Amino acid sequence: HHLERNLADGRFGSRDDVIWLRKIARFAETTKSGDRAEAEGIPEDASAWHYAVSSRDTCLGSDCEYHKDNCFVMQARKAAMEAEVVVVNHHLFFADLWLKDEGVAELLPACNTVILDEAHQLADTATQFFGETVSTAQLLELASDTKKLAAVHAADFPALRESAELMAKTARDLRLVLPLNPVKHVENEVSGRYEDWGSALKTLRDALEELVGLLQTQAERDAELKNAHERARVILAGLINWQSEDPPDTPRVRWLETTLSSLLLHTTPLSIGALFGGKLAERAQAWILTSATLSVGGDFTHLRARLGISADAATLSVDS
């Protein structure tokens with residue numbers, strides 16, 4: 001859907017985008033899996049992929065005309081549901097947990113046994129998924145998509161395009177408050193170091209709130225406008241959450257980092273033990289964690305504490 005829409009729209013960042021996107025379109029007609037790794041001759045880091053690939057934010061779900069018959073993700077999900085053994089990486093596993101918790105969908109089938117290899121990496125991966133990130137890149141992409149949708153589906157409502165342009169400007173202005181070279185700060189350091197930070201952040205939040213309101217008034221016109229409204233609402237909730245005080249039972253670290261072109265606002269739980277341990281307890285299935293480096297001197301106390309594993313879990317340490 002996005003590939004066809006962007007090919008028809010014809011507005012790209014460079015001539016190379018046009019060349020690569022046409023090759024991607026030919027690949028899409030012949031591939032059975034939709035796996036980018038199979039697209040021979042097309043660089044995986046080509047910016048043209050942005051015009052062809054849906055993200056969790058931009059996917060239209062059941063509102064998409066290709067959802068039932070031609071969606072590569074749905075075909076892969078169907079194959080997984082019919083399989084007896086499914087092999088995935090940690091990130092996809094936690095993405096599935098996250099989606100099931102949100103009640104949105106599921107990527108993987110229910111199972112009797114989960115085997116997590118290289119389990120010494122679980123805490124770091126789980127922290128990413130139990131945390132939350134809002135970035136100016138997300139905001140700029142939302143603004144760009146909203147302007148395109150406004151031109152097609154709400155041309156009689158110029159306030160929507162104007163609001164998207166304003167929000168994009170405030171996102172760029174917020175990034176410019178911080179140094180050009182990449183930095184990392186915890187939340188309470190920023191306002192003391194950069195005097196324009198507080199006002200720039202408020203200006204962005206006000207602009208985003210306005211855009212959310214305007215998108216809501218136009219959401220019933222088209223499925224993509226409805227999707228854009230939901231994206232904007234979720235990003236706004238994340239921005240508000242980043243500025244909020246910590247709940248007493250789940251302390252967090254709020255911090256930011258910059259790249260040359262983007263600003264990322266992170267909220268990370270101080271400990272994921274209770275969160276991950278809750279997942280272990282609430283699912284009636286066997287969990288087997290394996291790795292060459294799980295124990296310290298044959299003792300699993302540190303791992304149990306980090307991941308919230310109960311003291312009565314069976315353990316086995318085998319010499320090399």
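**Note on the predicted model: Thr258, helix 7 and the cores**

1. The side chain of Thr258 comes to 2.9 Å from the backbone nitrogen of Val183. The model is a predicted one, and this pair is a reasonable place to begin reading it. Thr258 belongs to strand 4. Its relative accessibility is 4%, so Thr258 counts as buried, the limit being under 20%. Beyond four places in sequence, Thr258 touches Arg175, Leu178, Asn181, Pro182, Val183 and Leu263. One of these, Arg175, is also among the buried residues of helix 7, and strand 4 is one of the elements against which the buried residues of helix 7 pack.

2. Some overall figures for context. The protein has 12 helices and six strands. Its C-alpha trace spans about 65 × 55 × 35 Å along the principal axes. Of the 320 residues, 36% are buried. The accessible surface comes to about 18800 Å², and carbon and sulfur atoms hold 52% of that area. Among contacts with a sequence separation of 6 or more, 67% join residues 24 or more positions apart.

3. Helix 7 covers residues 158–177, which is 20 residues. From first to last C-alpha it reaches 29 Å, close to the 28 Å expected at 1.5 Å a residue. Its buried residues are Leu160, Ser163, Ala164, Met167, Ala168, Thr170, Ala171, Leu174 and Arg175. These residues lie on the same side of helix 7, because the arc they cover around the axis is only 160°. The face turned away from the buried side carries the exposed residues Glu162 and Leu176.

4. What does the buried side of helix 7 pack against? The partners are helix 6 (136–153), helix 9 (197–218), helix 10 (223–243), strand 4 (252–258) and strand 5 (263–269).

5. Thr170 gives a local view of helix 7, in which it is found. At 6% relative accessibility, Thr170 counts as buried. Its side chain reaches the backbone oxygen of Met167 at 2.8 Å. Leaving aside neighbours within four places in sequence, Thr170 is in contact with Thr203, Leu204 and Ala207.

6. Ala200, in helix 9, can be read alongside Thr170. The two residues are 30 apart along the chain, and their C-alpha atoms are separated by 7.2 Å. Ala200 counts as buried, with a relative accessibility of 13%. With neighbours within four places set aside, Ala200 is in contact with Leu174 and Val177; Leu174 is one of the buried residues of helix 7.

7. The largest nonpolar core has 36 residues. Within it, the residues with the most contacts are Leu142, Leu160, Met167, Trp197, Leu208 and Leu256. At least two residues of this core come from each of helix 6, helix 7, helix 9, helix 10 and strand 5. Helix 9 gives the most, with 10 residues. Leu142 touches Met167, Leu208, Leu211, Ala228, Arg231, Ala232 and Ile235, not counting residues up to four places away in sequence. Apart from the largest core there is another, of 18 residues, among them Leu116, Leu280, Phe300 and Leu307.

8. Leu280 leads to helix 11, residues 273–282, where the buried residues are Gly273, Phe276, Gly277, Lys279 and Leu280. Viewed down the axis of helix 11, the buried residues fall within an arc of 150°, so they line one face of the helix. Ala274 and Ala281, on the other side of helix 11, are exposed.

9. One backbone point deserves a look. Most residues other than glycine have a negative phi. Glu118, although not a glycine, has a positive phi of about 50°. Where is Glu118 found? It is in the loop between strand 1 (113–116) and helix 5 (122–130). At 38% relative accessibility, Glu118 counts as partly exposed.

Methods: Residues are numbered from 1 along each chain as its sequence is written. This is a predicted model: local features need pLDDT of at least 70, side-chain atom pairs count only at pLDDT 80 or more; totals for chains, interfaces and linings use all residues. Side-chain values use heavy atoms; hydrogens and water are left out. Helices (H or I, at least four residues) and strands (E, at least two) are DSSP runs, numbered from the N terminus. The expected span of a helix is 1.5 Å times one less than its number of residues. Buried means under 20% relative accessible area, exposed over 50%, partly exposed in between (1.4 Å probe, protein chains only). The arc is that of the directions from the helix axis to the C-beta atoms. Contact means heavy atoms within 4.5 Å. A nonpolar core is a set of buried Ala, Val, Leu, Ile, Met, Phe, Trp, Tyr and Cys residues joined through side-chain atoms within 4.5 Å. Accessible areas come from the Shrake-Rupley method with a 1.4 Å probe; for residues, only the protein chains shown count as cover. A polar contact is a pair of N or O atoms within 3.5 Å; within protein, one must be able to donate a hydrogen and the other to accept it, and residues adjacent in sequence count only if both atoms are side-chain atoms.
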